[in-house]
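This report walks through one chain, starting from a surface residue and working through its contacts. Please keep the sequence and the 3D view at hand.

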Amino acid sequence: MGESFSLPLLAPCLNGIGKFSHLIDLDFMADLMNYLRKLAGAGSQKNDSHHLTVSERLQCCIVAFKVMKNNLEALNVDLQEFFVQLYGLILEYRPGR
């Protein structure tokens, strides 16, 4: 597996993005969703060098859903990849680990 590293600001940044997603300019929304998709999948590949914990990857999916909820009328984004990631992560998630 890839090398694990610490990202102490990831959780606060994701929380802020989820909370204030209604204020983000729509021109940046597609890029934001693509980056959240990449982060949610980080660590799912055996040769992936950006290994995030299951909790961090779950948080990326949750934030993507919040962004879409707050911008439903303005965005046309397919969330299928996020749902696939979410269900895969639910199977991996073990809260005491």
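## Y87 and the nonpolar patch

Y87 is exposed, because its relative accessible area is 54% and the cut-off for exposed is over 50%. The residue sits in helix α4. Keep in mind that the model is predicted.

Y87 does not stand alone on the surface. Together with F83 and I90, Y87 forms a nonpolar patch there. The accessible area of the three comes to about 320 Å².

## Overall fold

The chain holds four helices and zero strands. Read from the N terminus, the order is α-α-α-α. Helix α1 covers 10–19, helix α2 covers residues 26–41, helix α3 covers residues 54–70 and helix α4 covers residues 80–92.

The chain has 97 residues, and 33% of them are buried. Its accessible surface is about 6600 Å². Carbon and sulfur atoms hold 58% of that surface. Take the contacts with a separation of 6 or more: residues 24 or more positions apart make up 71% of them.

## Aromatic pairs

How many aromatic pairs does the count give? The count is two. One of them joins F65 and F82. Their ring centres are 6.3 Å apart, and the planes meet at 65°. This pair is edge-to-face, because planes over 60 degrees apart fall in that class.

F65 belongs to helix α3 and F82 to helix α4, so the pair ties together parts that are 17 residues apart in sequence. The two rings differ in exposure. F82 is buried, at 0% relative accessibility, whereas F65 is partly exposed, at 21%. The buried class needs a value under 20%, so F65 falls outside it.

F83 also joins in: F65, F82 and F83 make up one aromatic cluster. F83 thus has two roles here, one in this cluster and one in the nonpolar patch with Y87 and I90.

## Salt bridges

Side chains of opposite charge can pair when their charged atoms come close. In this chain the count comes to two salt bridges.

One salt bridge joins R37 and E81, with the closest N and O atoms 3.5 Å apart. R37 is in helix α2 and E81 in helix α4, so this pair links distant parts of the chain, 44 residues apart. R37 is buried, with a relative accessible area of 19%, which is under the 20% cut-off. E81 is partly exposed, at 49%; the exposed class starts over 50%.

The other joins R57 and E92, at 3.7 Å from N to O. This pair also links distant parts of the chain: R57 lies in helix α3 and E92 in helix α4, 35 residues apart. R57 is buried at 2% relative accessibility. E92 is partly exposed at 33%.

## Cysteines

How many disulfides does a search of the whole structure find? The search finds zero. Why does C61 not form one? The closest cysteine sulfur is in C60, and it is 7.0 Å from the sulfur of C61, too far for a bond. A disulfide would need the sulfur atoms within 2.5 Å.

C61 is buried, with a relative accessible area of 0%. C13 is partly exposed, at 45%.

## The loop between α1 and α2

S21 lies in the loop between α1 and α2. Is S21 buried or exposed? S21 is buried, with a relative accessible area of 0%. Leaving out residues up to four places away in sequence, S21 touches M29, K66, V67, N70 and N71.

I24 is found in the loop between α1 and α2 as well. I24 is partly exposed, with a relative accessible area of 26%. Which residues does I24 contact, leaving aside its neighbours within four places in sequence? They are I17, M29 and L32. M29 thus appears in the contacts of S21 and in those of I24.

V67 is another reference point for this loop. V67 touches S21. The C-alpha atoms of V67 and I24 are separated by 9.2 Å, although the two residues are 43 residues apart along the chain.

Conventions
Residues are numbered from 1 along each chain as its sequence is written. This is a predicted model: local features need pLDDT of at least 70, side-chain atom pairs count only at pLDDT 80 or more; totals for chains, interfaces and linings use all residues. Side-chain values use heavy atoms; hydrogens and water are left out. Rings of Phe, Tyr and Trp (its six-membered ring) pair if their centres lie within 6.5 Å; planes under 30 degrees apart count as stacked, over 60 as edge-to-face and the rest as tilted. Helices (H or I, at least four residues) and strands (E, at least two) are DSSP runs, numbered from the N terminus. Buried means under 20% relative accessible area, exposed over 50%, partly exposed in between (1.4 Å probe, protein chains only). A salt bridge is a side-chain nitrogen of Lys or Arg within 4 Å of a carboxyl oxygen of Asp or Glu. Patches are made of residues with over 30% relative accessible area and no salt bridge: like charges are joined within 9 Å, nonpolar side chains (Val, Leu, Ile, Met, Phe, Trp, Tyr) within 5 Å. Accessible areas come from the Shrake-Rupley method with a 1.4 Å probe; for residues, only the protein chains shown count as cover. Contact means heavy atoms within 4.5 Å.
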